[in-house]
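Visitor: I am new to this structure and would like to be walked through it slowly. Could you show it to me before I begin asking?

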Amino acid sequence: MKKILVTGGTGYIGSHTAIELISKGYQPLLIDNLSNSKIERLDQIQKITGVRPEFVQVEMCDGAAMRSLFQAHPDIAAVIHFAAVLQVGESVENPLFYYRNNIVSTLNLLDCMKEFKVKPIVFSSSCTVYGNPDSLPVTEFAPIKEAVSPYGNTKKMCEDILRDTSKATDIDVISLRYFNPIGNHASAEIGEEPHGIPTHLIPYLTQTARGIRPHLNIFGGDYATHDGTCIRDYLHVVDLAKAHIAAIERQLSKKQEKQYEVYNIGTGIGYSVLDMVQAFEKATGKAVPYQIVDRRAGDVEAVYADTSAASEKLGWKAELGLEDMFRSAWDWELKLEH
Ligand code: UD1
């Protein structure tokens with residue numbers, strides 16, 4: 001059983017990926033500082049898979065702590081790096097915290113990989129690096145735009161750091177640029193627990209359907225799209241988790257062709273905010289009152305992925321549709337205590 005270090009392993013995407021790793025016969029070693037996730041995730045993963053993953057609480061910005069971790073686990077075969085702070089608005093208010101946390105943690109991780117000769121790493125990047133793309137669907141060759149937030153900039157900077165490191169060392173990097181992951185494991189045992197008022201669409205929408213919020217505010221109704229609202233490529237978090245397995249398997253089976261590879265991970269389909277509201281109502285039978293308000297600063301009008309590279313090189317394709325995304329998001333919402 002190959003041991004895979006998963007940073008941010010108790011987070012939303014990390015814990016879904018841990019489940020897929022276990023189901024494929026890998027041994028995930030989860031690390032997290034628990035700043036934005038709970039230790040109970042381990043119970044939930046165990047309930048779903050029958051396996052309790054190994055867990056170490058570690059602050060990745062502490063270089064000595066990271067070294068001790070690698071020393072204690074000389075059998076790490078590969079790394080999946082999710083750990084990051086990720087609130088766009090918070091990053092604008094507190095850029096130093098965002099740069100220090102997301103960059104220093106990545107530098108410490110790479111130092112350890114270099115020293116302890118761990119070569120493969122899959123990095124959690126974002127379609128945010130494309131900004132407002134010039135043409136759609138967006139391919140991996142689209143120009144990288146200036147980031148609109150420190151959070152977005154940390155994703156771009158980490159990609160640069162990883163690319164340069166792959167050139168100078170024998171570390172192999174696959175960066176996955178996620179579009180908009182939503183939904184939860186079908187068991188409704190794990191999911192994202194938003195703190196305070198959600199900023200992302202789906203938790204806000206499910207809380208509105210539950211009556212916790214009076215209505216959904218749709219940010220902007222005058223975009224140049226079919227109904228005036230923004231378009232995104234929403235993908236199921238379980239499909240996203242599987243994309244990491246595909247990337248790790250490409251690396252471990254020595255199929256990676258370039259030392260730095262990058263793939264879009266989305267469905268290739270763009271839905272508007274209004275499309276999403278209607279599809280949610282259809283999938284769950286729950287009404288979502290909404291009002292159209294001003295545009296949100298920093299939002300791009302439309303972005304969805306060209307996923308041909310992921311399908312060709314990783315052999316990965318999104319399989320789950322909006323109905324699965326909404327049903328699982330709704331089942332999870334009903335479990336949450338607000
Ligand atoms: C956001 C981040 C992006 C990050 C991604 C994953 C911003 C500006 N962008 O993407 O950098 O990589 O999360 O963490 O925060 N919407 C509403 N009403 C709401 C909430 C959202 O209409 O209450 C709309 C938004 O305008 C957007 C869509 O729903 O068109 C999706 O929004 P959201 O879930 O916040 O994701 P992104 O903004 O696409």
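Visitor: Which strand gives the most to the lining of the second largest pocket?

Guide: Please keep in mind that this is a predicted model. Two elements, the helix α10 (308–314) and the strand β11 (260–265), each supply at least two residues of the lining of the second largest pocket. The one that gives the most, with four residues, is β11.

Visitor: How much space lies in the second largest pocket?

Guide: The second largest pocket holds about 350 Å³ of space. It is lined by 17 residues, and those closest to its centre are Glu140, Phe141, Lys258, Val262 and Ala309. The space asked for is thus about 350 Å³.

Visitor: How many residues of the lining of the second largest pocket are charged?

Guide: When the lining residues of this pocket are divided by class, six of them are nonpolar and two are polar. The remaining class, the charged residues, has nine.

Visitor: Turning to the ligand, which element gives the most to the shell around it?

Guide: The ligand is surrounded by 19 residues, with Leu201, Asn217, Arg232, Arg296 and Asp299 the closest. Both α7 (201–209) and β8 (216–219) supply at least two residues of this shell. The element that gives the most, with four residues, is β8.

Visitor: How many residues of the shell around the ligand are nonpolar?

Guide: Sorted by class, the shell around the ligand has three charged residues and six polar ones. The nonpolar residues in that shell number 10.

Visitor: What share of the ligand's exposed area does the protein bury?

Guide: Polar atoms of the protein lie beside oxygen atoms of the ligand: one in the side chain of Ser126 is 3.0 Å from such an oxygen, and a backbone atom of Phe219 is also 3.0 Å from a ligand oxygen. In the side chain of Arg232, an N or O atom is 2.6 Å from an oxygen atom of the ligand. Taken alone the ligand exposes 730 Å², and the share of that area buried by the protein is 89%.

Visitor: Is Thr154 buried or exposed?

Guide: Thr154 is found in helix α6, which covers residues 150–168, and a polar atom of the Thr154 side chain lies 2.6 Å from the backbone oxygen of Tyr151. A residue counts as buried when its relative accessible area is under 20%. Because the relative accessibility of Thr154 is 1%, this residue counts as buried.

Terms used
Residues numbered from 1 in each chain as written. Predicted model: local features only at pLDDT ≥ 70, side-chain atom pairs only at ≥ 80, totals over all residues. Heavy atoms only, no water. Near = heavy atom within 4 Å. Polar contact = N/O pair within 3.5 Å; in protein donor to acceptor, adjacent residues only side chain to side chain. Areas by Shrake-Rupley, 256 points an atom, 1.4 Å probe, with all protein chains shown as cover. Nonpolar A, V, L, I, M, F, W, Y, C, P; charged D, E, K, R; others polar. 1 Å grid on protein atoms, 1.4 Å probe; cavity = no way out; pocket = protein on both sides within 12 Å on 5 of 7 lines; lining within 4 Å. Points joined across faces, edges and corners; volume = space filled by probe spheres on them. Buried < 20%, exposed > 50% of the residue type's maximum accessible area, 1.4 Å probe, protein only.
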